[in-house]
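Me: I have a structure open and would like to understand the labels people put on its parts. Could you take me through them?

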There are 2 protein chains.
Amino acid sequence: MGSPDEITQRVNFTTPRSFTTILKSDLKETFLPDDPFRQFKQENSRLGRIKKGVQYFVPVFEWLPRYNLRMFRYDVLSGITIASLAIPQGIGYAKLVNLPPIIGLYCSFVPPLIYAVFGSSKVVAIGNVAAVSLLLADIIEKAAPHNADLTLYVSLIYTATLFTGIFQALLGFFRLGILVDFLSHSTIIGFMSGTATIISLQQLKGFLGLKHFTTNTDVISVLKAVFTRSSEWHWQSALLGAIFFSFLIITKEIKKRKPKLYWVSAISPILVVIVGCLFAYFTHSEKHGIAIVGELGKGINPLSINKLNFDSEYLPYTLKAGIIAGILALAEGIAIGRSFALMTNDQIDGNKEMIAFGVTNIIGSLTSCYLTTGPFSKSAVNYNAGCKTAMSNVVMSLCLLFVLLFLAPIFKYTPLVALSAIIVAAMLGLIDYEEAYHLYKVDKFDFCICMAAFLGVAFVSMDIGLMLSVGLSVVRALLYVARPSITNNGKIPNTSMYRCMQQYPTATRIPGILILQLGSPVYFANSCYVRDRILRWIDDGQQVSNEGNDIEHVILDMGGVTSIDISGIEMLQEVRKNIERKGMKVAIANPRLEVSEKMILSKFVEDIGKDSVFLSVQDAVETCRFTLNELKEKKNSTNNLESVLRSYI
Amino acid sequence: MGSPDEITQRVNFTTPRSFTTILKSDLKETFLPDDPFRQFKQENSRLGRIKKGVQYFVPVFEWLPRYNLRMFRYDVLSGITIASLAIPQGIGYAKLVNLPPIIGLYCSFVPPLIYAVFGSSKVVAIGNVAAVSLLLADIIEKAAPHNADLTLYVSLIYTATLFTGIFQALLGFFRLGILVDFLSHSTIIGFMSGTATIISLQQLKGFLGLKHFTTNTDVISVLKAVFTRSSEWHWQSALLGAIFFSFLIITKEIKKRKPKLYWVSAISPILVVIVGCLFAYFTHSEKHGIAIVGELGKGINPLSINKLNFDSEYLPYTLKAGIIAGILALAEGIAIGRSFALMTNDQIDGNKEMIAFGVTNIIGSLTSCYLTTGPFSKSAVNYNAGCKTAMSNVVMSLCLLFVLLFLAPIFKYTPLVALSAIIVAAMLGLIDYEEAYHLYKVDKFDFCICMAAFLGVAFVSMDIGLMLSVGLSVVRALLYVARPSITNNGKIPNTSMYRCMQQYPTATRIPGILILQLGSPVYFANSCYVRDRILRWIDDGQQVSNEGNDIEHVILDMGGVTSIDISGIEMLQEVRKNIERKGMKVAIANPRLEVSEKMILSKFVEDIGKDSVFLSVQDAVETCRFTLNELKEKKNSTNNLESVLRSYI
């Protein structure tokens, strides 16, 4: 590529795509990034397409026809295992949200059936979860404390669940899965750890057999409540709790050492409950300060449609609880569905999952269930137990049906301290200090986001902690693009590559030419910065080359600029004018499709000249060098002419 | 570059920069993008540095020592010209904010003096502005209507001005100029046009000589107020207004055709005022329904420090008004300073300008002035009149001093309709339909942002319109990076370049290798999308090559990825595992400094292997091809062996 004449390939400046084409492509990438209709395009017959459509929206039709006995064997086993987990967790988490314990059992009967029909994950096991339970209680208690009017409280929880369901289904329907993306990994780690901390601390009530307790969730209120009531402590309860807790921890340790024995850890909670029930029944433990769950009732879920409360007085609370808890539940459910899908090599459509969770919660709220999602612990057990399809949810549901119809009264003797031990044992696994340390090492800002969620949840309240952390994440997201790095590139010896001179110290400046590499979208929020930074590089470059040759050409490598808006284009115009006023020339290298389209439409290409836009930095450098040499030669020849003339005089 | 052995240059994986180095560099780019301390580094002596420091914070010391008589001649001329504009605009805009007209004159006396000392722009002329005036009135009227208690109203305006000043100075001090960047060009165009529309419509009150009027600013309320009071219309007033307005428009037209005659348009407002005063004085126009300004008083600004009102009842209003108006005033003042600086080839430090505006407003609020900034019209006239330094502001200030001391009582006869004509004539230039059309053509989303501001301001209220538009801009900014384009690249014939196959139809796929080019920062908000999109490209690629050879290698070109966070790195890990599970291999090409640092820290490089990270796509392709060929040869040789063996049997 000696002279610019040899550059045969130029930037493609044929007519830009039409507005509708761009809009269609943008909308598709924004709302249908996973291209869900691809499968329909492959079907030729109309019937085939209808079949695919039904299968798409109701996945049960996809896997049921291919279902066989071998799969069923696995699903029965895993279904029974998760049912044994669902009973203690259901009761325990229902206590966490201050609901009658039987509602926790209801939650593992109807919702899994619905999810089995609409859900697309094979592994997710439906049930109530700790963090969301506490969040619901946190918000609704402010509107109507459960100990003042339990009926009202329960009706508000159902209403919030209905709102969650509608909200989730709408999000999915309008394909706004993008919202869940804004709960970053760091936020979730911090939030989960914070929640696990306060939930564990709250269990001190159960461990110590306290009757009165604070409704606040923050660490300080809880510790105060515990230590100002030391006269109410019951050592019997604490001892029993310690025994149960040790047992659970030991089984977890066994699972860790021998992953094949996962079932020991999986059935240990139900064992604790059974042993606890027997112990309480035979020792009349209530008299010794060991409180029990108390009457549970029996029978399947009653309808709760008549209990919904849309009173304008409570609407702000139920709506807020529904939406925040809904996003959080989605984040957990979808994240888990996705991670297991990666392990089983399936594709999970987040938006479709949202609809599934939404429908599950809507129907749940009408049948005396509160908010459910795909909890991590249950789903992991389900996966380990070898479940093959969503049939394991159906099996769990049938087990719960049996329990509700016949066995529920037995669980009345469950000691509260047993539930506390089960909850704390489950929560400890969620405090992910190793991951937090990893964050600290790799990315300090991510660590701050994580700690904001953790400390906010632990010391203020759950919603504040969550919002603080999300707010920080968004600020960071904006900063990321408000200050995109612009590097000064040099030529790497013996190649035709131009790379950042800070990153590659061997790269060398090309005399007379400044090569700047832009990145990120260029738009209103960073256009001023980009301009200032470019002009600063030019100033720096001029100072460096003050003794030798001045900068004559500025090449802007736009290969990393994914999009540009009107402010960005105007910034480029300004920069161009400014550089030209300084007597230098600008060249653009490798604009992407979106950028070159905007450059054509805004007439920037006309102003700068098509000859100044190159396909690669190398081409631009060659051409600039050629011009530089020509200039030098001209100067030389003028000098020669002068000397010749002088010699004649 | 035949075989991979020839690749001598590899990605630089020496130890990453330390955390403090990165933090320092990030903080510097975020808060000091213009590197204001550069000039100090060049000074060697301590005295020189102190001198530079004082000059940096108080720019008057920079230009005053070099000031000469020739400059002064120009500055006197431009100072008198802008003073002639300051009188009618001052009175008119003060009426807009429902303040006594003399306060408008005060605003052109003290604030320009302060700005002349602290401001770094040579061209900006200080004064009150229409949009901000109306915004202040809009918010403060809700707290305390001016016709109920004018003293309270005035004191709240002063207080809001003080808050504006403090807010602006703090923004500048903490170098948060970045906030102003979020007012995009499109927002400003829409907001200005909307404001100009409602201000113009409000002048119907003056044109028609109405006594009673609505305090609402939206188009519908104003039109209703005008047409339900048709019995109060005064044709005399309307006629006089039409004459004045035509005169102003004609002088503007003259300026447009012959830019040298700019002064005709510049002095036309004061001419209109003088003629109006004479007319009103001699015809006793008040009796004919042509209202006049009325008693103005005389004398210089009284102190207003005792009038500040920090009553908690009004604090939310004054704070809100101060902050919103402050950002808006900054956006106008800084944008104007910057655009003129580009024309005169100066550098304007936005953060320093903020401090200057802030100090100006703080002192202004203590000396009976309300919010001032650098209005566009005045500054443009100043520039056209050939001002050389901020001395022109001092000259204007002295002119105003003279007016306040001696001439103010004369202006009592100014007909209100003359002021209305001046305001409307000034506003018409702000309705920038051409730019809006340009936006429509180049970028439809920018157009929507612009229209949101315009329609919001015109039909709802100024603050709602502004926030709506800024909100949309931020959503767009997030979407920009939430859905970064990922292109499928092919080789451009006869070169070693790999470019988007959609953009360059001649680019061709390389058999067995998929080259994907990423862009934008990769982080939590887009990591899920990026993963899905990469996996979709792989699926698509496999379908295309179903008949021929399968994809064996996936090359991710990371050259455009300016930064990555922990979610992004984890996404890459997931993608890597997923691809490897499908039996393909991943290679990374050209990671930038920030990205390769994170890759090292998170051990991603160890997992993928240093041999799979290349400096360029070309290197990666060569290596992949080499492996492919080796595989093929091996297969061939096995086939050969088999056939040889078979022939033996």
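Me: Which residues have the most contacts inside the largest nonpolar core, and how many residues does that core have?
Reply: Happy to start there, with the reminder that this is a predicted model. The largest nonpolar core has 370 residues, and those with the most contacts inside it are Leu136, Ile157 and Ile555 of chain A together with Leu136, Ile157 and Ile555 of chain B. Take Leu136(B): leaving aside residues up to four places away in sequence, Leu136(B) touches Val97(B), Ile157(B), Ala160(B), Ala321(B), Ala325(B), Tyr370(B) and Leu371(B).

Me: What makes the relation of chain A to chain B that of a two-fold axis?
Reply: In general, two copies of a chain are related by a rotation about an axis and a shift along it. Here a turn of 180° with a shift of 0.0 Å along the axis lays chain A on chain B with an RMSD of 0.1 Å. That is the relation of a two-fold axis. The same surface serves both copies, as 100% of the contact residues of chain A recur in chain B.

Me: How many residues does each chain bring to that contact?
Reply: Chain A gives 71 residues and chain B gives 71 residues. On the side of chain A that touches chain B, 28 are nonpolar, 24 polar and 19 charged.

Me: Why is helix H26 of chain A called largely enclosed?
Reply: A residue counts as buried when 20 or more other C-beta atoms lie within 10 Å of its own. Seven of the nine residues of H26(A), residues 593–601, are buried, so the helix is largely enclosed by the rest of the structure. The buried ones are Leu593(A), Glu594(A), Val595(A), Ser596(A), Glu597(A), Lys598(A) and Met599(A). Their cover includes strand S4, helix H25 and helix H27 of chain A, and also helix H21 and strand S2 of chain B.

Me: Why is Lys603(B) called partly exposed?
Reply: Partly exposed falls between the cut-offs of 12 or fewer for exposed and 20 or more for buried. Lys603(B) has 14 other C-beta atoms within 10 Å, so it is partly exposed. This lysine sits in the loop between helices H26 and H27 of chain B.

Me: And what is notable about the phi of Lys603(B)?
Reply: Most residues other than glycine have a negative phi. Phi of Lys603(B) is near 65°, a positive value. In chain A, Lys603(A) just after H26(A) also takes a positive phi, of about 65°.

Me: Is Ser520(A) buried or exposed, and how do you know?
Reply: The cut-off for buried is 20 or more neighbours. Ser520(A) has 28 C-beta neighbours inside 10 Å, so it counts as buried. Ser520(A) lies in the loop between strand S3 and helix H24 of chain A, and its phi is positive, near 65°.

Me: What makes S2 and S6 the edge strands of the sheet in chain A?
Reply: Each of them pairs on one side only. The sheet is open, with six strands in the order S2-S1-S3-S4-S5-S6 and mixed pairing. At the S2(A) edge, three bridges join S1(A) to S2(A) in antiparallel fashion, and Lys491(A) has Tyr498(A) as its bridge partner.

Me: What makes strand S5 of chain B mostly covered?
Reply: Four of the five residues of S5(B) are buried. S5(B) pairs with S4(B) in the parallel sense over five bridges, and Val554(B) stands opposite Val586(B).

How values were computed:
Residues are numbered from 1 along each chain as its sequence is written. Chains are lettered from A and ligands numbered from 1 in the order in which they are written. This is a predicted model: local features need pLDDT of at least 70, side-chain atom pairs count only at pLDDT 80 or more; totals for chains, interfaces and linings use all residues. Two residues are in contact if their C-beta atoms, placed from the backbone, lie within 7 Å. Ala, Val, Leu, Ile, Met, Phe, Trp, Tyr, Cys and Pro count as nonpolar, Asp, Glu, Lys and Arg as charged, and the others, Gly among them, as polar. Copies are superposed by least squares on the C-alpha atoms of residues with pLDDT of at least 70 in both. Two strands pair if DSSP finds at least two bridges between them. Helices (H or I, at least four residues) and strands (E, at least two) are DSSP runs, numbered from the N terminus. A nonpolar core is a set of buried Ala, Val, Leu, Ile, Met, Phe, Trp, Tyr and Cys residues joined through C-beta atoms within 7 Å.
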